[in-house]
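Me: I would like to go through this model slowly and ask, for each label, what value stands behind it. Could you set each value against its criterion before concluding?

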Amino acid sequence: MQTFYIKTFGCQMNVYDGQRIESMLRGRGMLQTEDVAAADIIILNTCAVREKASNKVFSELGRIRDRKKPDALFGIIGCVAREEGANSFRRIPELNFVLGPQSYHKLPEILDNPDARLLNIDLSGLEKFDALPPATESPAVAYIPIQEGCNHCCTYCIVPYTRGRELSRPFDDVMRDVHAAADNGAVEICFLGQNVNGYKNSLANLIKETAKIESIKRIRFTSSYPTEMSDDLIALFGTEPKLLPFLNMPIQSGSSDVLTRMNRPYSLDLYIDIVNKLRAVQPDIQISSDFIVGFPGETDADFEMTCDIARQIGYINSYSFKYSPRPHTAAALMKDQIPENVKKQRLKILDDILTENNRRFNESCVGQTMECLIEGPDKTGKHLLARTPYMQQCIIDVGANENSPNNAHENRANAHPTKSPISSGPGFHSPLQSVKITSANKCSLRGEIVKTES
Ligand code: SAH
Ligand code: F3S
């Protein structure tokens, strides 16, 4: 039997794309392997958002080239494939295929014709969603893309180039995927998109429709553009209990000047106004952000404003990056590029603030009981890892409660309905459990299960 190896870098969209490919290959009778040296087909599913990520792909390709079976099919898909195009074959001549993020459904062509070389970096729109068979297995959390690409054209971002202009999937197609995921055992739906709340067929209606499905207990979406938080979407945080009280809404910078040069045309006042509206309808909501430090021309005063807003909003679970000049972007050509050592210092300062926010929020959770989604055992097998409604990681001491099964591995099978149906088997009957938070630090929580959900 033939085997495949796939490694995914980057965002949730890539994770989803990787799952679709895995499903397609399994459908062709192939088995997944972790051993790249034994694989008959090797795929790197790549991210080009930052230069470092992009370079990492080529060093990994070099390592794989030296280890792979001589006749293994070997290629890259995703944003680096689109960024580098035919140049990928020059850099790594052994590559058999280079497929962009909207062309990976062409993969069967190379499987059927392994002696050919395949390059396709077209932006073929939504074709890929229909061209491959739907995933036949859903873990407890199903990621469902609803739109592809981005029209915002932030001056630093390569995504509009690699993933193309924004396209929204038809409402009924998305709902078909949601129902399929629910039928396959998903209890949480996460809607995905580079600009998810720019979905043209109403994200609010999608959430309402999804919430009607009895077996779906949690709904979330990522990543949101601040000015596309419509009033009906904001209101849902107050009225739809299945919508988790957690939102990723990247601000990127706290300086209006920098935001203007980033082509993110919202004022700080407008952003804060949206946060206040969200808090008015859902006082428990927590917000996360992405930040870029060291954008061209960012002064100490600009950076200080970013630190201020990070403290003021009290973001949790946020991401911060050093600005990385990318090809095909306007900011790469701006003057006043910031030296690497300054970017590094600023990143450290901001990270300390974000970590302190996390620590403070995590500590405020101690003593509370939260419904958490059990993801599976940790590396030691002695604990279970779970996600709170705010996406914090919670480590559960197994055996702390009489309702808990004896070992974490047994639980894992129940936490992943594809491996063992959640409605049967010993131990938990649902991957969702009420967990009492017993302690916290800056990274995670610890807790114990207080009752099994019926
Ligand atoms: N809306 C998208 C965001 C795409 S990129 C999503 O769904 O994920 C993810 C994050 O990477 C951005 O929010 C930004 O903070 C960061 N980023 C993008 N381009 C970057 C660059 N050139 N340098 C550093 N960080 C970058
Ligand atoms: Fe990139 Fe800005 Fe869109 S960060 S994905 S161009 S909103």
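Reply: Let us begin with a definition: the domain bounds used here come from an automatic or database domain assignment. The model itself is predicted. The assignment gives domain 1 (3–124), domain 2 (128–364) and domain 3 (369–452).

Me: How do you know which domains the shell around ligand 1 draws on?

Reply: A residue is near a molecule if its C-beta atom, placed from the backbone, lies within 6 Å of it. The shell around ligand 1 draws at least three residues from each of domain 1 and domain 2. Of the 17 residues around ligand 1, the ones that come nearest are Tyr 156, Ser 223, Asp 290, Phe 321 and Ser 324. By class, this shell divides into 9 nonpolar, 5 polar and 3 charged residues.

Me: What makes up the shell around ligand 2, by class?

Reply: The shell around ligand 2 has 7 nonpolar, 3 polar and no charged residues. Ligand 2 is surrounded by Cys 150, His 152, Cys 153, Cys 154, Cys 157, Val 159, Pro 160, Gln 194, Asn 195 and Tyr 225. Because Cys, Val, Pro and Tyr count as nonpolar, the cysteines of this shell, among them Cys 150 and Cys 157, fall in the nonpolar class.

Me: Why is helix H9 called roughly parallel to helix H10?

Reply: The axes of helix H9 (residues 203–211) and helix H10 (residues 231–239) come within 8 Å and cross at roughly 30°. Angles under 35 degrees count as roughly parallel, and therefore H9 is roughly parallel to H10. The contact is made by Leu 203, Ala 204 and Ile 207 of H9 together with Asp 232, Leu 233 and Leu 236 of H10, and by class it has 5 nonpolar, no polar and 1 charged residues.

Me: What makes strand E2 and strand E6 edge strands?

Reply: Strand E2 (31–32) and strand E6 (118–120) each pair on one side only, in an open sheet of 6 strands whose order is E2-E1-E3-E4-E5-E6 and whose pairing is parallel.

Me: How do you know that strand E1 and E2 pair?

Reply: Two strands pair if there are at least two bridges between them. Strand E1 (residues 3–8) and E2 pair in the parallel sense over 2 bridges, so the criterion of at least two is met. Within this pairing, the bridge partner of Phe 4 is Gln 32 in E2. Helix H1 (residues 12–27) packs on the sheet, touching E1, E2, strand E3 (41–46) and strand E4 (73–78), and its direction makes about 175° with that of E1.

Me: What is the strand order in the sheet that contains E10, and how do you know that E10 and E11 pair?

Reply: The order is E7-E10-E11, in an open sheet of 3 strands with parallel pairing. Its edge strands are strand E7 (141–145) and strand E11 (218–222), and the twist averages 20° from one strand to the next. Strand E10 (residues 188–192) and E11 pair over 5 bridges, and the criterion asks for at least two. Glu 188 stands opposite Arg 218 in E11. H1 packs on this sheet as well, touching E7, E10 and E11, with a direction at about 100° to that of E7.

Me: How many residues of domain 2 are in contact with domain 3?

Reply: 22 residues of domain 2 are in contact with 18 residues of domain 3, where contact requires C-beta atoms within 7 Å. On the domain 2 side, the largest share, 5 residues, comes from helix H14 (residues 340–364), and the residues of that side divide into 8 nonpolar, 8 polar and 6 charged.

Methods:
Residues numbered from 1 in each chain as written. Chains lettered and ligands numbered in written order. Predicted model: local features only at pLDDT ≥ 70, side-chain atom pairs only at ≥ 80, totals over all residues. Contact = placed C-beta atoms within 7 Å. Helix = DSSP H or I, 4+ residues; strand = E, 2+ residues; numbered from the N terminus. Axes fitted to C-alpha atoms, helices over the stretch in contact; angles between N-to-C directions. Parallel < 35°, antiparallel > 145°, perpendicular 65-115°, else oblique.
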